[in-house]
Amino acid sequence: PVTMYYADGSLMYTKESANSHQLVTWDQIPQVMKNAQMAAEDATFMTNSGFDVTAIVRTMWNRLTGGTGGGSTIGQEYVKKATGNDESTLSRKFIEMVTSYKMTETYAKEQILTAYLNTVYYGRGAYGIKAAAQAFYGEDVGQLTTEQAALLAGMVQLPGQAGDPTYQHQRYSYVMGQLLANHWITKAEYDSAQFPVPIATAD
């Protein structure tokens, strides 16, 4: 949102759009969204030390053998987003790991996940989960369903493909599977879930 004030502090002008970057608090984010983001990127987020040694070793091996792979925790991803450093190097991954560890030692997990959900890009011009809920579903973040949360969480990996229905279905299915695997939804909820088709874009 853009807001301008006079020198005396009174309001001069304000403008918001559906995709304005607006922050939300931990309590304003539904648990289904928190679970979905962890399911999509870092299922052990609430208990790990800011990094996953097994995933890092796997990533290093993949890089050394010419393969690809992530291995980043939500803390590491937040460091990458916050610093803007996305170089594909092992040194960058090491710095992210150390910084993420320090951040985990300093801040509560709730604070880190809230900051991440307020910062990450979901596609459709939406930065932060509040803007994403509006951009994809025309909903307030507090009204998101489990299915909608699963699709949004999945978009973070490659937000540039957020408009591709094939990609939407692929990532939605993955996150729903992870929610089930981590016991954040029941088998009955998984079986009855319907793909949450995003609203049409203006263009």
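This note covers the packing of helix 1 against helix 7 and one buried residue from each helix.

1. The model is predicted, so local features need pLDDT of at least 70 and side-chain atom pairs pLDDT 80 or more, while totals for chains, interfaces and linings use all residues. Residues are numbered from 1 along each chain as its sequence is written, and side-chain values use heavy atoms, without hydrogens and water.

2. Helix 1 spans residues 31-41 and helix 7 residues 146-155 (helices are DSSP runs of H or I, at least four residues, numbered from the N terminus). Their axes lie 8 Å apart at an angle of about 40° (axes are lines fitted to C-alpha atoms over the stretch in contact, and angles run from 0 to 180 degrees between N-to-C directions). The pair is therefore oblique (not under 35 degrees, over 145 or 65 to 115).

3. Helix 1 contributes Val32, Met33, Ala36, Gln37 and Ala40 to the contact, and helix 7 contributes Thr146, Ala149, Ala150, Leu152, Ala153 and Gly154 (contact means heavy atoms within 4.5 Å). By class, 8 of these residues are nonpolar, 3 polar and none charged (Ala, Val, Leu, Ile, Met, Phe, Trp, Tyr, Cys and Pro count as nonpolar, Asp, Glu, Lys and Arg as charged, the others, Gly among them, as polar).

4. Asn35, in helix 1, is buried at 10% relative accessibility (under 20% relative accessible area; exposed is over 50%, partly exposed in between; 1.4 Å probe, protein chains only). Beyond four places in sequence, Asn35 touches Leu179 and Trp184.

5. Gln148, in helix 7, is also buried, with a relative accessible area of 12%. Leaving aside neighbours within four places in sequence, Gln148 contacts Tyr137, Gln143 and Pro196.

How values were computed
Helix = DSSP H or I, 4+ residues; strand = E, 2+ residues; numbered from the N terminus.
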